[in-house]
Amino acid sequence: MSRDNNAFIASGSDLMRRAMQNRRLVPDVPHLKPMLDELLSGSVVCEVGCGPGGITLDIAQLYPHITVLGMDVDEESIKLAQEAKDKAGTTNVRYADGDACNLDKLITVEGFEALDGGCDLVYSHAVCLCHHAHGRPTISQMRKAAKSNGIISLKEGDMGLFFAYPENAGMKRWLETFPTLSLGKGADPYIGRKLVSLVLGAGLTHSQLKDVSMHGQMQWRPQVKSGLVLGFGQIVRQSALGEDDKKLIVEGLEEWSKYEDGVVSFPGVIVTAVKGV
Ligand SMILES: C[S@@+](CC[C@H](N)C(=O)[O-])C[C@H]1O[C@@H](n2cnc3c(N)ncnc32)[C@H](O)[C@@H]1O
């Protein structure tokens with residue numbers, strides 16, 4: 001599989017993998033809950049780019065009557081997901097590594113046969129579909145994996161909507177730099193606003209769109225802010241930025257994480273469509 005197809009800015013960062021393992025259905029993808037609530041026993045749900053599996057494991061535990069599939073191009077993330085599932089003793093979730101652009105290659109993997117047009121819900125969250133060349137093929141593969149009348153749901157950030165307060169010099173520089181760093185990985189930092197266009201380009205029609213909305217989270221808890229600052233700091237240190245910039249940003253982020261009134265927002269754009277018959 002091609003690791004070049006991973007546009008996630010922090011791929012390879014263990015710190016970020018561990019942080020993502022704390023993701024859950026309700027705080028991170030609340031738009032999926034009403035869809036999951038309606039699924040009948042035996043239904044299959046697939047997360048494309050599931051990372052270390054925080055959301056998939058949560059769904060599997062909340063909905064023991066459905067089967068949850070998780071796939072990701074990052075083998076280390078899949079290993080972590082598998083370990084967490086084994087530790088929890090959850091049996092209705094399975095993981096496999098693979099490239100979302102070639103989702104159909106997983107059809108032959110035991111337990112993943114439903115990817116052959118048998119999934120009730122295929123979703124992605126912050127997968128950085130953003131890689132321009134890969135967004136449409138990925139969505140087109142998600143569409144193929146969904147059954148007739150199945151749901152395809154995407155949520156992606158848009159860095160043009162990010163903001164922080166109070167904005168010290170280091171945080172200001174970070175907010176300016178973050179989109180540029182992701183561009184360096186081949187990603188599109190403004191993907192959120194382009195999701196409808198990508199979905200239509202992948203063959204879904206306007207009348208199949210069911211929801212186009214935004215979900216915004218404000219991070220304000222000291223622990224979350226410290227975790228973010230650690231992860232961002234690692235990205236900055238590993239980047240090609242100059243030493244002065246790195247110092248300014250890292251110190252600014254650390255200072256910001258200590259502000260009692262410090263907040264940062266990462267809104268995501270949600271697009272949900274129903275596949276036709
Ligand atoms: C920000 S993480 C999100 C993980 C998970 N969806 C979550 O919300 O916790 C992005 C994930 O997308 C994965 N990814 C990026 N490109 C991919 C591709 N072409 N195929 C499969 N996974 C991919 C990365 O490896 C990474 O685990």
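How many helices and how many strands does the chain have? In this predicted model, the chain has ten helices and ten strands. The C-alpha trace spans about 55 × 40 × 35 Å along its principal axes. For a chain of 277 residues, a compact globule would be expected to have a radius of gyration near 19 Å, and the value of 18 Å computed for the chain agrees with that expectation. Of the 277 residues, 45% count as buried. Among the contacts in the chain with a separation of 6 or more, 81% are accounted for by residues 24 or more positions apart.

Strand E4, comprising residues 119-125, is mostly covered, seven of its seven residues being buried. Strand E4 pairs with strand E1 (residues 44-48) in the parallel sense over four bridges, and within this pairing Val45 stands opposite Leu121 of E4. Strand E4 also pairs with strand E5 (residues 146-157), again in the parallel sense, over six bridges; here His125 is found opposite Lys155 of E5.

A further set of strands is arranged as an open sheet of three, in the order E6-E9-E8, with antiparallel pairing. Strands E6 (163-165) and E8 (218-219) stand at the edges of this sheet, and because each has a single partner strand, one side of each is left without a neighbour in the sheet. The pairing between E6 and strand E9 (residues 263-265) is antiparallel and extends over three bridges, with Ser265 in E9 serving as the bridge partner of Phe163. In general, the strands of a sheet pair through backbone hydrogen bonds, in either the parallel or the antiparallel sense.

Attention may also be given to a single helical residue, Pro179, which is placed in helix H7 (residues 169-184). Pro179 has 18 other C-beta atoms within 10 Å and is therefore classed as partly exposed, given that 20 or more such atoms would be required for a residue to count as buried, and 12 or fewer for a residue to count as exposed. When residues up to four places away in sequence are not counted, Pro179 touches Met159 and Pro189. The C-alpha atom of Pro179 is also separated by 8.2 Å from that of Gly160, a residue 19 positions away along the chain.

How values were computed. Residues numbered from 1 in each chain as written. Predicted model: local features only at pLDDT ≥ 70, side-chain atom pairs only at ≥ 80, totals over all residues. Helix = DSSP H or I, 4+ residues; strand = E, 2+ residues; numbered from the N terminus. Pairing = 2+ DSSP bridges. Contact = placed C-beta atoms within 7 Å. Rg over C-alpha atoms; globule rule 2.2 N^0.38 Å.
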